[in-house]
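User: Please take a close look at one loop here. Then follow its surroundings outward.

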Amino acid sequence: MKPFIIVILMLNSVAMIAQQKTISRKELLKAAVDQNVKSAEIQEITMAAGLAAPKHVHPCPVVGIIKSGEAVFQIEGQGSVLLREGDAFYEPKNTTILHFDNASAEKPLIFTAIYLKEGNEENIKFIK
């Protein structure tokens, strides 16, 4: 009986090692969120080729990831950056977003936005 248990334990160890080799983690973003988060709303957003988002603010923090395409992203007071597929981003609450624009004139931009809500605040407010 003892050899059988040893074989089972060895096989279990081999299986665990094999599983560890198939899972990897890559840090995409760390952001300090100055808010008590009580709920999250997740949206997949598609922007047509060449479309530029109007200047806006979010009444709640937003984190997201680019699913496909590229975006020109700029927070007021900072330089613009090009976000590519797989890049994560953070939009602080009540901060003006000057650009979140589709960088391509040919392809749509698809991204996931996660709105971290304290209450029932809106997702976005456009600035005129």
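Analyst: N94 counts as exposed, at 55% relative accessibility. Exposed means over 50% relative accessible area, buried under 20%, and partly exposed in between, with a 1.4 Å probe and protein chains only. N94 sits in the loop between β6 and β7. Its backbone stands out: phi is near 55°, a positive value in a residue other than glycine.

One note on the basis. The model is predicted, so local features need pLDDT of at least 70 and side-chain atom pairs pLDDT 80 or more, while totals for chains, interfaces and linings use all residues. Residues are numbered from 1 along each chain as its sequence is written, and side-chain values use heavy atoms, without hydrogens or water.

T96 belongs to that loop too, between β6 and β7 (97-102). Is T96 buried or exposed? T96 counts as buried, because its relative accessible area is 14%. N94, by contrast, is exposed at 55%. So the loop holds both a buried residue and an exposed one.

What does T96 touch beyond its neighbours within four places in sequence? The list is K55, H56, V57, I75, E76 and I127. A contact here means heavy atoms within 4.5 Å. H56 and V57 take in the span of β2 (56-57). I75 falls within β4 (71-75).

Now step back along the chain to the strand on the other side of the loop. Y90 lies in β6. Y90 is buried, because its relative accessible area is 18%. Residues up to four places away aside, Y90 touches L29, A31, A32, V33, P61, V62, V63, F73 and I75. I75 is thus a partner of Y90, as it is of T96. A32 shows how far along the chain these contacts reach: Y90 and A32 are 58 residues apart in sequence, with their C-alpha atoms separated by 9.6 Å.

Further back is G86. G86 occupies the loop between β5 (81-83) and β6. G86 counts as partly exposed, because its relative accessible area is 31%. Outside its neighbours within four places in sequence, G86 contacts L28, I65 and I66. The C-alpha atoms of G86 and K67 are separated by 6.1 Å, with their positions 19 residues apart along the chain.

I66 leads to the interior. It is among the residues with the most contacts inside the largest nonpolar core, which has 16 residues. The others named are F73, L83, F89, F100, L109 and F111. Such a core is a set of buried Ala, Val, Leu, Ile, Met, Phe, Trp, Tyr and Cys residues joined through side-chain atoms within 4.5 Å. β3 (62-68), β4, β7 and β8 each supply at least two residues. β8 gives the most, with four. In soluble globular proteins, nonpolar side chains tend to be buried together.

L109 shows the wiring of that core. Neighbours within four places aside, L109 contacts I45, T46, M47, I66, S68, G69, E70, A71, F100, D101 and N102. Two of these partners, I66 and F100, are also listed among the best-connected core residues.

Follow the chain past β7 and a second loop appears. A105 lies between β7 and β8. A105 is exposed, because its relative accessible area is 60%. Beyond its neighbours within four places, A105 contacts A49 and G50. A49 sits in the loop between β1 and β2. A49 counts as partly exposed, at 35% relative accessibility. A49 and A105 are 56 residues apart in sequence, yet 4.8 Å apart C-alpha to C-alpha. A49 also touches N102, S104, E106, K107 and P108. N102 is a contact of L109 as well.

Finally, the whole chain. It has one helix and nine strands, in the order α-β-β-β-β-β-β-β-β-β. Helices (H or I, at least four residues) and strands (E, at least two) are DSSP runs, numbered from the N terminus. Of the 128 residues, 30% are buried; T96 and Y90 are in that class. Among contacts with a separation of 6 or more, 76% join residues 24 or more positions apart. The pair A49 and A105 fits that pattern, at 56 residues apart.
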